[in-house]
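Me: Please take a close look at a single residue in this model and its surroundings. A formal, connected account would be welcome.

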Amino acid sequence: KDWSGEVIEWREWGVVGLIWRIECVHAGLVCAAAVALAWAVGRVGATSVLMGGGLIWLNLWLFKQLFGFLVKRQPARQRLAIALLFAKLPLLWGLFWLIVRARLIAVDGIGLAAGITCFPVAVLLVGLSWRPRIET
């Protein structure tokens with residue numbers, strides 16, 4: 001709802017609403033996949049799904065924060081923000097690889113892949129359900 005009490009549909013929020021909707025669908029998909037793998041293969045599979053989904057969510061959250069910080073201060077820095085997007089993901093993967101390599105946590109490959117795959121599926125589901133408003 002907005003300040004006047006009117007219900008505002010998420011489609012009217014623009015990019016913020018779209019990203020929020022993707023995050024909500026992604027969270028639902030990760031939870032569903034974690035429950036399914038917990039039932040099928042046990043706790044390690046569910047933990048791996050949550051780690052994969054969390055890693056991708058962290059990537060999106062860091063990008064939102066970084067892009068907002070750079071572009072709000074100086075709109076000419078959009079190229080820098082996009083370059084940092086491509087630098088950030090390998091750094092996250094490297095950190096994750098170090099954690100797995102040190103055997104601090106047990107990881108199931110199928111569960112991890114399922115958690116990571118939930119994000120592109122969420123983007124597709126939201127993209128297919130979104131209809132832009134056309135003013136006439």
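Reply: Helices (H or I, at least four residues) and strands (E, at least two) are DSSP runs, numbered from the N terminus. His26 belongs to helix H1, which covers residues 15-41. The model is predicted, so local features need pLDDT of at least 70 and side-chain atom pairs count only at pLDDT 80 or more, whereas totals for chains, interfaces and linings use all residues. Residues are numbered from 1 along each chain as its sequence is written, and side-chain values use heavy atoms, with hydrogens and water left out.

With a relative accessible area of 4%, His26 is buried (under 20%; exposed is over 50%, partly exposed in between; 1.4 Å probe, protein chains only). Beyond its neighbours within four places in sequence, His26 is in contact with Gly53, Trp57, Gly115, Cys118, Phe119 and Ala122, contact being heavy atoms within 4.5 Å.

Trp57 also joins Leu58 and Trp61 in a nonpolar surface patch of about 260 Å². Patches consist of residues with over 30% relative accessible area and no salt bridge (a side-chain nitrogen of Lys or Arg within 4 Å of a carboxyl oxygen of Asp or Glu), with nonpolar side chains (Val, Leu, Ile, Met, Phe, Trp, Tyr) joined within 5 Å and like charges within 9 Å. Leu58 lies in helix H2, residues 43-73.

The protein chain has four helices and zero strands, in the order α-α-α-α. Of its 136 residues, 24% count as buried. Among contacts with a separation of 6 or more, 68% link residues 24 or more positions apart.

Terms used. Accessible areas come from the Shrake-Rupley method with a 1.4 Å probe; for residues, only the protein chains shown count as cover.
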